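Let's take a walk through this protein together, one piece at a time. Have the 3D view open and follow along.

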Amino acid sequence: MSPRVASDAVVLQDYDQHGRVWALARATGLLAPASGRCHGFLHLDGGSGGAGELPVAAALYAAEPDPAVLWLQYGPRRWDCATVTVRQACEADGHRLFTVFGPRGPELELRYPAPDPGPADPADDWIATVADDFFLWVAERLGDDTEGARRALLEHFGAGFSPT
């Protein structure tokens, strides 16, 4: 994570810690603390959790210079969401598999454990599951074609929103 904000940075709200805001350098995937109107959400993925491994920024956003494009980014890799398909699956052992499919097949596969639900809570439902899993949320948003859901997300992110 870098203390300098890159000129190509986009301001994003942290998906897991809603009071935190980051500037994501689109070309490198590096992060710096930020403030201001957000143009999407970011999740810090711990990867395989190896010793000394830094978290990787995963993000879904729309911002200048082309707010008409919805972008998915993982580290320095970035995809125009109109050109890829995203899937999230649950494996038999409980792990999740998030895959980005491009024109030639899988371009990114992330296998990770399901979020720990903690103690049983009778109020937990699908919304709580999505709130605990950024990659599931992305797959749901990008797979929802009903009533212009993707267009609404693009317009919301492109215009920017105040962090919560």
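A good place to begin is a sheet of three strands, an open one that runs in the order 8-9-10 with antiparallel pairing. Keep in mind as you look that this is a predicted model. Which strands stand at the edges here? They are strand 8, covering 85-90, and strand 10, covering 105-112; each has a single partner strand, so one side of each has no neighbour in the sheet. Going from one strand to the next, the twist averages 15°.

Now zoom in on how two of these strands meet. Strand 9 takes in residues 96-102, and six bridges pair it with strand 8 in the antiparallel sense. If you'd like one bridge to find on screen, try Ala 89, whose partner in strand 9 is Leu 97.

Next comes another sheet. Seven strands make up this one, which is also open, and its order is 3-2-1-4-5-6-7. Its pairing is mixed. At the edges you'll find strand 3 (31-33) and strand 7 (77-80), and because each of them has a single partner strand, one side of each is left without a neighbour in the sheet. The twist in this sheet averages 30° from one strand to the next.

Stay with strand 7 for a moment. Strand 6, residues 71-74, runs antiparallel to strand 7, and four bridges join the two. One of the residues to look for is Leu 72, which has Trp 79 in strand 7 as its bridge partner. While you're in this stretch, look at Trp 71 as well: Arg 78 lies over the face of its ring, 4.2 Å from the ring centre.

On to the other rings. How many aromatic pairs does the structure hold? There are 11 of them. Ring pairs also tie a whole set of residues into a cluster: Tyr 15, Phe 41, Phe 98, Tyr 112, Phe 134, Phe 135, Trp 137, Phe 157 and Phe 161. Try highlighting these side chains together. When comparing any two aromatic rings, the things to look at are how far apart the centres are and the angle of the planes.

Last stop: empty space. The largest pocket holds about 150 Å³. Its lining is made of 11 residues, and those nearest the centre are Gly 29, Leu 30, Pro 55, Val 56 and Ala 57. What kinds of residues form that lining? Eight are nonpolar and three are polar, with no charged residues in the lining.

Conventions:
Residues are numbered from 1 along each chain as its sequence is written. This is a predicted model: local features need pLDDT of at least 70, side-chain atom pairs count only at pLDDT 80 or more; totals for chains, interfaces and linings use all residues. Side-chain values use heavy atoms; hydrogens and water are left out. Rings of Phe, Tyr and Trp (its six-membered ring) pair if their centres lie within 6.5 Å; planes under 30 degrees apart count as stacked, over 60 as edge-to-face and the rest as tilted. A charge sits over a ring if NZ of Lys or CZ of Arg is within 6 Å of the ring centre and within 35 degrees of the ring normal. On a 1 Å grid over the protein atoms alone, a cavity is a set of points where a 1.4 Å probe fits but cannot get out, and a pocket is an open set with protein on both sides within 12 Å along at least five of seven lines; lining residues have an atom within 4 Å of a point. Grid points are joined across faces, edges and corners, and a volume is the space filled by probe spheres set on the points. Ala, Val, Leu, Ile, Met, Phe, Trp, Tyr, Cys and Pro count as nonpolar, Asp, Glu, Lys and Arg as charged, and the others, Gly among them, as polar. Two strands pair if DSSP finds at least two bridges between them. Axes are lines fitted to C-alpha atoms, for helices over the stretch in contact, and angles run from 0 to 180 degrees between N-to-C directions.
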